[in-house]
Structure formats: structure tokens, C-alpha cells
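Grab a pencil and work through these exercises with the sequence and the 3D view side by side. Try each task yourself before you read its solution.

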Amino acid sequence: MDFYLRCNSLKCRAPLKERAVVTTCSHIFCLHCAGSLGLSHPTANERACPACQAVLVNPDDAVATALNPTEDYKTSVLSGLDPNTIMECAGRALLFWTYQTTQEIFYQEFLAKTLTEKYTNLNTQMDKVVHNANSEISALQARISDMETAQDQLRKKNQELVDMYREKCKKFTQMTNLYNILKSRAMRSQMQTAATDTVSQALDSLTASRNHPTGLVPGHSESSRPPHTPMSRQLNTPGANTISLAQYRNIERVSWVSHALQLEEQHYRMTV
Ligand SMILES: [Zn+2]
Ligand SMILES: [Zn+2]
């Protein structure tokens with residue numbers, strides 16, 4: 001991996017590959033920053049290093065240099081100098097490089113430390129968030145468990161109420177049937193009493209008809225007689241006792257109602 005010095009302006013830090021401005025205070029800047037920070041074209045009488053604020057009085061305190069020199073430049077730049085000067089120049093250039101790389105290492109260590117602290121803080125926050133989330137999940141799970149238990153109890157209670165309601169409905173049906181049986185018995189008793197009265201009236205009429213040779217019940221003329229039924233025909237045959245049609249219908253109706261009530265009672269007994 002190629003290593004490049006970087007512009008010493010902390011807002012820039014661009015890698016320097018072609019040309020740069022170097023200072024005698026061992027700082028280096030890109031051409032853009034050197035121009036904007038007043039290093040290449042000083043506005044005041046004195047110019048200062050943007051990095052360390054060192055006053056750069058002499059013209060050669062800040063010079064532009066080619067970072068990829070041509071072979072001709074490499075040949076001619078130190079040519080003609082005596083060996084001590086050559087070694088001094090090389091030594092100062094090496095010190096410049098060492099200072100820049102050391103500063104870069106410090107900067108990277110500072111960045112690493114800052115990022116590590118940020119990472120530690122974020123990790124702590126994340127642990128806290130996870131812990132809180134787990135606590136909340138546990139609380140919600142406990143709540144769900146409690147609610148499920150309560151739901152089971154309510155379901156059980158509901159089932160018991162449903163069973164009780166069915167039992168009550170069954171008893172209500174039985175009571176209704178018993179009431180209907182008793183009611184039909186009472187009605188049948190009343191109908192039997194009415195039938196007995198009607199039969200007594202019929203017998204009284206028969207007794208009265210024997211005392212009248214016409215065989216007709218008073219108040220009933222021949223023309224107003226209703227059509228013959230088998231039983232009335234039998235009752236109207238010569239020599240037989242005669243009763244009125246209304247009386248016969250009363251007896252027949254009582255008989256039918258009594259029979260219907262008996263059937264109804266049998267039905268209720270079966271359902272009970
Ligand atoms: Zn720069
Ligand atoms: Zn400086």
C-alpha cells in the first residue's frame with residue numbers, strides 16, 4: 001500500500017501525490033490550502049504556519065516542491081554541493097519525513113481512541129437497550145401468562161354458567177309440562193262436570209218426552225230439525241228414546257274435548 005503524506009490542515013487532510021508546499025517548521029500543505037490559508041500569497045507582512053503558527057519570515061521558509069521529481073531534477077538538485085551539505089540536506093529531509101509520519105501515527109491513535117470510546121459508549125447504550133427490552137419482554141410474557149390463566153378461569157366459569165342455564169331450562173320445561181298436565185286435568189274435570197250436567201239435562205228431557213206423545217222436545221219444531229247423524233237417526237227411530245240435537249252435540253263436543261285433553265296429557269307425560 002502506498003503511503004502518502006497528508007495535508008496538515010485538519011479540515012482537508014488530502015493525500016499529497018504531485019505538488020505541495022512545505023515549511024521549515026516541518027509542515028506540509030496541498031496547493032489549495034496553501035493558497036487559501038495565506039501561505040503562498042501572504043496578505044500581511046508576516047506569514048505564519050497555519051498548523052503551528054510559527055512565523056515564516058524568509059522566502060524559503062515555505063516553498064512549493066514536486067513530490068514526484070524528474071530524473072533530471074534528482075540529478076541536479078544537490079549537484080555541486082559538498083558532501084557535508086548534501087548529508088545535511090538529506091538529514092533534514094529525513095527528519096521532516098519522520099516528524100510527519102509520527103504526527104500521522106499520533107493522529108491515527110487519537111482517532112482510534114476516540115472511535116473506541118464512541119464504540120464503548122454505543123456498546124453500553126446497546127447493552128442497556130437490550131437489557132431494558134429483555135426486561136420488558138419478560139414483563140409482557142408474565143402478563144400474557146396471567147391473562148391466559150384468567151382467560152382459562154373465565155372460560156371454565158362460563159362453561160359452568162352454561163351448564164347451570166341448561167339445567168334451569170330443563171327444569172323450567174319440566175315445570176311447564178307439569179303445569180300443563182295439571183291444567184288439562186282441571187279442565188277435564190270441569191268438562192266432566194259439564195258433561196254430567198248435560199247428560200242429566202238429556203235424561204230430564206227424555207223423561208219429559210215420555211210425558212208428551214208427540215216425542216218432541218218443547219221449543220223444537222219438525223222443520224227446524226237439523227240433518228240426521230247416525231246417532232241421532234238411531235235416537236229418532238220409532239220406539240227409541242229421543243233427545244234434542246243440541247243436547248247430543250253438547251255431549252259429543254264434551255267427549256271430543258275430553259279425548260283431546262287426554263291426548264295432550266299423554267304428550268306432556270312423554271316429554272317429561
Ligand atoms: Zn489541504
Ligand atoms: Zn508549522
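Before we begin, two strands pair if DSSP finds at least two bridges between them. Helices (H or I, at least four residues) and strands (E, at least two) are DSSP runs, numbered from the N terminus. This is a predicted model, where local features need pLDDT of at least 70, side-chain atom pairs count only at pLDDT 80 or more, and totals for chains, interfaces and linings use all residues. Residues are numbered from 1 along each chain as its sequence is written, while chains are lettered from A and ligands numbered from 1 in the order in which they are written.

**Exercise 1. Get an overview of the protein chain.**

Task: How many helices and strands does the protein chain have, and what pattern do they follow along the sequence?

Solution. Start by counting: there are five helices and five strands. Next, read along the sequence, and you get β-β-α-β-β-β-α-α-α-α. Now check burial, where a residue is buried if 20 or more other C-beta atoms lie within 10 Å of its own, exposed if 12 or fewer, and partly exposed in between, with C-beta atoms placed from the backbone. Of the 272 residues in the protein chain, 9% are buried.

**Exercise 2. Build the sheet.**

Task: What is the strand order in the open sheet of three strands?

Solution. Begin with strand E1, residues 19–23, which is mostly covered, as four of its five residues are buried. On to its partners: five bridges tie E1 to strand E5 (residues 62–66), and the two run antiparallel. Thr-23, for instance, sits opposite Ala-62 in E5. E1 also runs antiparallel to strand E2 (residues 28–29), with two bridges joining them. Here Val-21 has Phe-29 as its bridge partner, and Val-22 stands opposite Ile-28. Put that together and the order is E2-E1-E5, with antiparallel pairing. E2 and E5 are the edge strands, each pairing on one side only.

**Exercise 3. Spot the unusual backbone angles.**

Task: Where in the chain are Ser-26 and Gln-53, and is each one buried, partly exposed or exposed?

Solution. First, some background: most residues other than glycine have a negative phi. Ser-26 has a positive phi near 70° although it isn't a glycine. You'll find Ser-26 in the loop between E1 and E2, a hairpin with four residues between the strands. Because Ser-26 has 19 C-beta neighbours inside 10 Å, it counts as partly exposed.

Now do Gln-53, another non-glycine, with a positive phi of about 60°. Gln-53 is in the loop between strand E3 (47–48) and strand E4 (55–56). It has 8 other C-beta atoms within 10 Å, so Gln-53 is exposed.

**Exercise 4. Test the length of a helix.**

Task: What span should helix H3 (residues 83–210) have, and how far apart are its end C-alpha atoms?

Solution. Take the rule first: the expected span is 1.5 Å times one less than the number of residues. With 128 residues, H3 should span 190 Å, and its end C-alpha atoms are 182 Å apart, which agrees. Then look at burial: just three of the 128 residues are buried, so H3 lies largely in the open. Those three are Ser-184, Arg-188 and Ala-202.

**Exercise 5. Compare a record with the model.**

Task: Which residues does the UniProt annotation "coiled-coil region" cover, and what percentage of that span is helix?

Solution. According to the unreviewed UniProt entry, the annotation covers residues 130–167. Keep in mind that UniProt positions are given in the numbering used here, feature names are shortened, and annotations may be inferred rather than shown by experiment. In the model, residues 130–167 are 100% helix and 0% strand, with end C-alpha atoms 55 Å apart.
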